[in-house]
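Visitor: I am new to this structure and would be grateful for a close look at one part of it. Please take the salt bridges as the subject and explain how they are placed.

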Amino acid sequence: MILDSFILLTTNTDAKFLAALNNKINAGDIIATVTFFILLLLLLKKFAWGPLMGVMDQRAELIANEIETAEKNRLESEKLLAEQKAALQEAGANAQSIVENARKQSEAQATEIIESAREEVNRMKSSAELEISTAKEKAIAAVREEFVSLSVLAASKVLEKEISEEDNRALIEETIVKAGEAK
């Protein structure tokens with residue numbers, strides 16, 4: 001709208017119109033308006049603009065500090081997270097090591113127990129074989145002693161009386177039977 005009026009004013013070559021317009025414009029009003037406007041700007045600058053900018057600067061500083069604090073916290077959190085991950089990995093490795101050591105130790109103990117049991121079985125077997133051998137030798141010695149005793153008895157009976165061939169046979173059979181019973 002204003003542009004249309006301006007164009008209209010420039011195209012209108014009527015000098016009377018321009019003279020009438022100049023008469024309507026008051027230079028004192030213009031100076032007073034400009035003076036009040038400048039005074040208003042100075043007052044706003046001193047009382048409103050300065051404190052407003054101060055508040056804005058404080059707010060900007062506060063935001064910058066909060067951003068800086070948040071960044072520090074984020075970095076610290078990442079550092080703690082990395083430390084926790086490392087500690088967790090170390091704990092896992094330690095647990096694996098403990099399990100592996102326990103497995104090896106149990107295998108060694110199992111081998112030791114098995115070897116100990118084998119040695120005990122071999123010792124018991126040797127002891128049993130020795131006892132059997134000793135008992136067998138004692139039994140053989142007892143049979144021999146009994147046989148010798150029976151032989152001596154039979155010989156003494158033969159020498160004490162004269163016996164016939166039938167009596168001799170009966171005596172020998174009797175001696176054999178007694179020797180068989182002694183076993």
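Guide: A salt bridge, as the term is used here, is a side-chain nitrogen of Lys or Arg within 4 Å of a carboxyl oxygen of Asp or Glu. Side chains of opposite charge can pair when their charged atoms come close. The model under discussion is a predicted one, and 6 salt bridges are found in the structure.

The setting should be described before the pairs themselves. The protein chain contains 4 helices and 0 strands, and its elements follow the order α-α-α-α from the N terminus on. Helix α3 spans residues 27–160. Among the elements of the chain, α3 has the highest mean pLDDT, 87, whereas helix α1 (residues 2–11) has the lowest, 49. For the protein chain the mean pLDDT is 80, and 76% of the residues reach 70 or more.

The pair of Lys72 and Glu68 is a suitable place to begin. Their side chains meet in a salt bridge, with a distance of 3.4 Å from N to O; this value satisfies the criterion because the cut-off is 4 Å. Both residues belong to helix α3, where they lie 4 residues apart, about one turn of the helix. Lys72 has a relative accessible area of 52% and is therefore exposed, the cut-off for that class being over 50%. Glu68, with a relative accessible area of 41%, is partly exposed.

Further along the chain, Arg103 takes part in two of the contacts described here. One partner is Glu100, whose side chain meets that of Arg103 in a salt bridge at 2.2 Å, N to O. Arg103 and Glu100 are 3 residues apart in helix α3, so about one helical turn separates them. The other partner is Glu107, and here the closest N and O atoms are 2.6 Å apart. Arg103 and Glu107 likewise both lie in helix α3, 4 residues apart, which is about one turn of the helix. A network of this kind also joins Glu71, Arg74 and Glu78, through salt bridges that share partners.

The accessibility of the residues around Arg103 may be considered next. Arg103 counts as partly exposed because its relative accessibility is 36%. Glu100 is partly exposed as well, at 27%, and Glu107 is partly exposed at 43%.

Helix α3 also contributes to another kind of surface feature. Ile30, Val34, Phe37, Ile38, Leu40, Leu41, Leu42 and Leu44 form a nonpolar patch on the surface, and together they have about 740 Å² of accessible area. One of these residues, Leu44, is found in helix α3 and is partly exposed because its relative accessibility is 42%.

Finally, these details may be set against the chain as a whole. Buried residues account for 3% of the 183 residues in the protein chain. The accessible surface of the chain comes to about 16300 Å², and 63% of that surface belongs to carbon and sulfur atoms.

Definitions and conventions. Residues are numbered from 1 along each chain as its sequence is written. Side-chain values use heavy atoms; hydrogens and water are left out. Patches are made of residues with over 30% relative accessible area and no salt bridge: like charges are joined within 9 Å, nonpolar side chains (Val, Leu, Ile, Met, Phe, Trp, Tyr) within 5 Å. Accessible areas come from the Shrake-Rupley method with a 1.4 Å probe; for residues, only the protein chains shown count as cover. Helices (H or I, at least four residues) and strands (E, at least two) are DSSP runs, numbered from the N terminus. Buried means under 20% relative accessible area, exposed over 50%, partly exposed in between (1.4 Å probe, protein chains only). pLDDT is the predictor's confidence in each residue, from 0 to 100.
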